[in-house]
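Please open the model in your viewer and keep the sequence panel beside it, since each stop on this tour begins with a selection. The route moves from single residues to a metal site, then to a helix pair and the annotated spans.

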Amino acid sequence: MFCAIVGGSDSNAKIVYRDQQVTAFLPLMPATRGHTLVVPNRHVADLTDITELESRQLGAAIRRTARAVRAAVSPEGMNIIQSTGDVATQTVPHVHFHIVPRWADDRMVLSWPTEAAEDDAAQAETLVLVRSLLPKSTDDVSPDDRRQHLSFIQAIVTRMSQASSSSKTWLLPIITLTYGYAVTKEQFWVAVLGMLAVFVFGLLDANYLKQERAFRKLYDKVASGGDIPTFSLNPSLAGPAGSRVNYWPDWEDIRSWAVAPVYAPLILVGVAIAVWAHCT
Ligand SMILES: [Zn+2]
């Protein structure tokens, strides 16, 4: 019956609001003046089965509709009621939230027990149990958001590897110039200058590599549903708790195939030229 309203096949439906995920409408039998229902468009009976996106849209629609209803009928108070299951008085098997404007003299009857259902000790056990079963915040991130997050990280990884290869490209003419000059003019200090350039570029490259590695780790963690806040681009979160990714390359980065085998021979050549220039 709610599906007919949501789908637009009920010509008598009193639609208040409708978007891609959610519809708000007035019920056949309003409990109070301004009583409004907010439902997900998809047919789902149990509140706990709605998706992250639906729950966000529902939350936003309830807030917006409640404000409009309050502005329209000026109640003294308001109840937002959701019931799941027969025992909880759910009569229509399609998730719905009641927005019920309240007045001191209205006909609504809501009664809460006056005694606690569990004592402090039992409640403490319940607390521990519920907390342990609570999904990590990212477990219910929508697939679209996760894909988007991954593509942001992928873009950084790509940029890091491009920066690494361009640092190699920049170094080449510098070396040719300094080492070439040192050899032809037998200049010791120019050879040292060339070696310094190799060292600096090597360090830079190793750092790019380190960042790339850190972001790859972040990517893996997000892809595997790890506990990373949605859209966070902080690579430190993928490491051990409390760790931070700084800009000093680790030994692991320096000895990697992209760094040591490229820069170490260049340093050695520089040393050879410097020694030769010094001795002649
Ligand atoms: Zn339905």
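Begin by selecting T126, which counts as partly exposed at 32% relative accessibility, and note that this residue belongs to helix α3, residues 120–133. Bear in mind throughout that you are looking at a predicted model. From T126, extend the selection to F231, which lies 105 residues away along the chain, and a distance drawn between the two C-alpha atoms should read 33 Å.

Stay with F231 for a moment, and place this residue in the loop between α5 and α6, the latter being residues 251–254. F231 is partly exposed, with a relative accessible area of 36%, and its phi is near 70°, a positive value in a residue other than glycine. A second residue deserves a look for its backbone: select E186, where phi is near 55°, again positive although the residue is not glycine. E186 sits in the loop between α4 and α5, and at 41% relative accessibility it counts as partly exposed.

**The helices on either side of E186**

Now select residues 143–185 as helix α4 and residues 188–223 as helix α5, and give each its own colour. At what angle do the axes of these two helices cross? They cross at roughly 170° and come within 9 Å of each other. An angle over 145° counts as roughly antiparallel, and α4 and α5 are therefore roughly antiparallel to each other. If you colour the contact between α4 and α5 by residue class, you should find 25 nonpolar, eight polar and five charged residues.

Within α5, pick out V200, which is partly exposed with a relative accessible area of 44%. To see how far V200 is from a residue in the early part of the sequence, draw a C-alpha to C-alpha distance to L28: the two are 172 residues apart in sequence and 76 Å apart in space.

**The zinc site**

Next, show the zinc ion together with the side chains of C3, H43 and H94. Which atoms of these residues are the protein donors? They are SG of C3, ND1 of H43 and ND1 of H94, at 1.9 to 2.3 Å from the zinc ion. Read along the sequence, the donor residues follow the spacing C-x39-H-x50-H. C3 lies in helix α1 (residues 2–7), whereas H94 lies in the loop between β4 (77–82) and β5 (97–102), so this pair ties together parts that are 91 residues apart in sequence. A surface view is useful here as well, for C3 counts as partly exposed at 34% relative accessibility, while H94 is buried, with a relative accessible area of 1%.

**Another buried residue**

Select V73, which you will find in helix α2, residues 52–73. V73 counts as buried at 12% relative accessibility. A C-alpha to C-alpha distance from V73 to R146 spans 42 Å, and the two residues are 73 apart in sequence.

**Annotated spans and domains**

Finally, step back to the whole chain and colour it by domain: the assignment gives domain 1 as residues 2–102 and domain 2 as residues 141–279. The C-alpha centres of domain 1 and domain 2 lie 55 Å apart.

The UniProt record, an unreviewed entry, lists "domain: HIT" for residues 1–109. In the model, residues 1–109 are 26% helix and 25% strand, with their end C-alpha atoms 25 Å apart.

The unreviewed UniProt entry also carries the annotation "transmembrane region", covering residues 188–209 and 257–277. Select residues 188–209, and you will see a span that is 100% helix and 0% strand, whose end C-alpha atoms lie 32 Å apart. Then select residues 257–277, where the span is 86% helix and 0% strand, and the end C-alpha atoms lie 30 Å apart.

Technical notes:
Residues are numbered from 1 along each chain as its sequence is written. This is a predicted model: local features need pLDDT of at least 70, side-chain atom pairs count only at pLDDT 80 or more; totals for chains, interfaces and linings use all residues. Side-chain values use heavy atoms; hydrogens and water are left out. Axes are lines fitted to C-alpha atoms, for helices over the stretch in contact, and angles run from 0 to 180 degrees between N-to-C directions. Helices (H or I, at least four residues) and strands (E, at least two) are DSSP runs, numbered from the N terminus. Angles under 35 degrees count as roughly parallel, over 145 as roughly antiparallel, 65 to 115 as roughly perpendicular and the rest as oblique. Ala, Val, Leu, Ile, Met, Phe, Trp, Tyr, Cys and Pro count as nonpolar, Asp, Glu, Lys and Arg as charged, and the others, Gly among them, as polar. Donors are N, O and S atoms within 2.8 Å of the metal (3.2 Å for Na, K and Ca); water is not among the atoms, so sites may look incomplete. Buried means under 20% relative accessible area, exposed over 50%, partly exposed in between (1.4 Å probe, protein chains only). UniProt positions are given in the numbering used here, feature names are shortened, and annotations may be inferred rather than shown by experiment. Domain bounds come from an automatic or database domain assignment.
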